[in-house]
Amino acid sequence: VLAKPTESKFLQMRLSLEIESQLLFMFHRVPLRQYRKCHAWFQSRHLCTMEQQELLPDLIRYVCGAFHPSKAMISDQTRIPRWQMFGFWLKIAESNNTLKWQCEQA
């Protein structure tokens, strides 16, 4: 059972449709030069309280397991890379050791 990867539909369960669609918008449409503004907006909208920050491991699992960019998107140097999103989310989780550990395990 543990050798079988988790299906992407289960990784999406805790994330609302709004969060998922905004993440996909950020990955597909937001240029790299505007990512800070977009991250600040996303954080103020979805990650401003400690209860909302508990979604960080789920966000990381979603981006790792359910979001698969195309080769064209990976080679495009003007889009936000996934590792940059992870760094942003890990920086948010630094103040809470338990949350940081959960994010690193995700």
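**Reading pockets and rings**

Modeller: Let's start with one residue: His 39 is buried, with a relative accessible area of 2%. Please keep in mind that this is a predicted model.

Biologist: Thanks! How should I read that percentage?

Modeller: Buried means under 20% relative accessible area, so His 39, at 2%, falls in that class.

Biologist: Where does His 39 sit, and which residues is it in contact with, leaving aside its neighbours within four places in sequence?

Modeller: Contact means heavy atoms within 4.5 Å. His 39 has its place in helix H3. With those sequence neighbours left aside, its contacts are Met 26, Met 85 and Phe 88.

Biologist: Now the pockets. Which residues line the second largest pocket?

Modeller: A lining residue has an atom within 4 Å of a point of the pocket. Here His 39 turns up again, in a lining that also includes Tyr 35, Arg 36, Gln 84, Phe 88 and Lys 91. Helix H3 (35-46) and helix H7 (82-93) each supply at least two residues of this lining. The space in the second largest pocket is about 160 Å³.

Biologist: How do the residues of that lining divide by class?

Modeller: There are four nonpolar, four polar and two charged residues.

Biologist: And how much space lies in the largest pocket?

Modeller: About 200 Å³. By class, its lining has eight nonpolar, one polar and three charged residues. Among them are Phe 27, Phe 67, Pro 69, Asp 76 and Arg 79.

Biologist: I'd like to learn about aromatic rings too. How many aromatic pairs are there?

Modeller: Rings pair if their centres lie within 6.5 Å, and by this rule the count comes to two. Phe 27 and Phe 67 form a stacked pair, 4.5 Å centre to centre with 15 degrees between the planes. Planes under 30 degrees apart count as stacked.

Biologist: What does that pair tie together?

Modeller: Phe 27 lies in helix H2 (residues 17-29), while Phe 67 is in the loop between helix H5 (56-65) and helix H6 (71-75), so the pair ties together parts that are 40 residues apart in sequence. Both Phe 27 and Phe 67 are buried.

Biologist: And the other pair?

Modeller: Phe 86 and Trp 89 form a tilted pair, 6.3 Å centre to centre, with 55 degrees between the planes. These two residues are three apart in helix H7, so about one helical turn separates them.

Biologist: Is Trp 89 buried or exposed?

Modeller: Trp 89 is buried, and its relative accessible area is 0%.

Notes: Residues numbered from 1 in each chain as written. Predicted model: local features only at pLDDT ≥ 70, side-chain atom pairs only at ≥ 80, totals over all residues. Heavy atoms only, no water. 1 Å grid on protein atoms, 1.4 Å probe; cavity = no way out; pocket = protein on both sides within 12 Å on 5 of 7 lines; lining within 4 Å. Points joined across faces, edges and corners; volume = space filled by probe spheres on them. Nonpolar A, V, L, I, M, F, W, Y, C, P; charged D, E, K, R; others polar. Phe/Tyr/Trp six-rings, centres within 6.5 Å; stacked < 30°, edge-to-face > 60°. Buried < 20%, exposed > 50% of the residue type's maximum accessible area, 1.4 Å probe, protein only.
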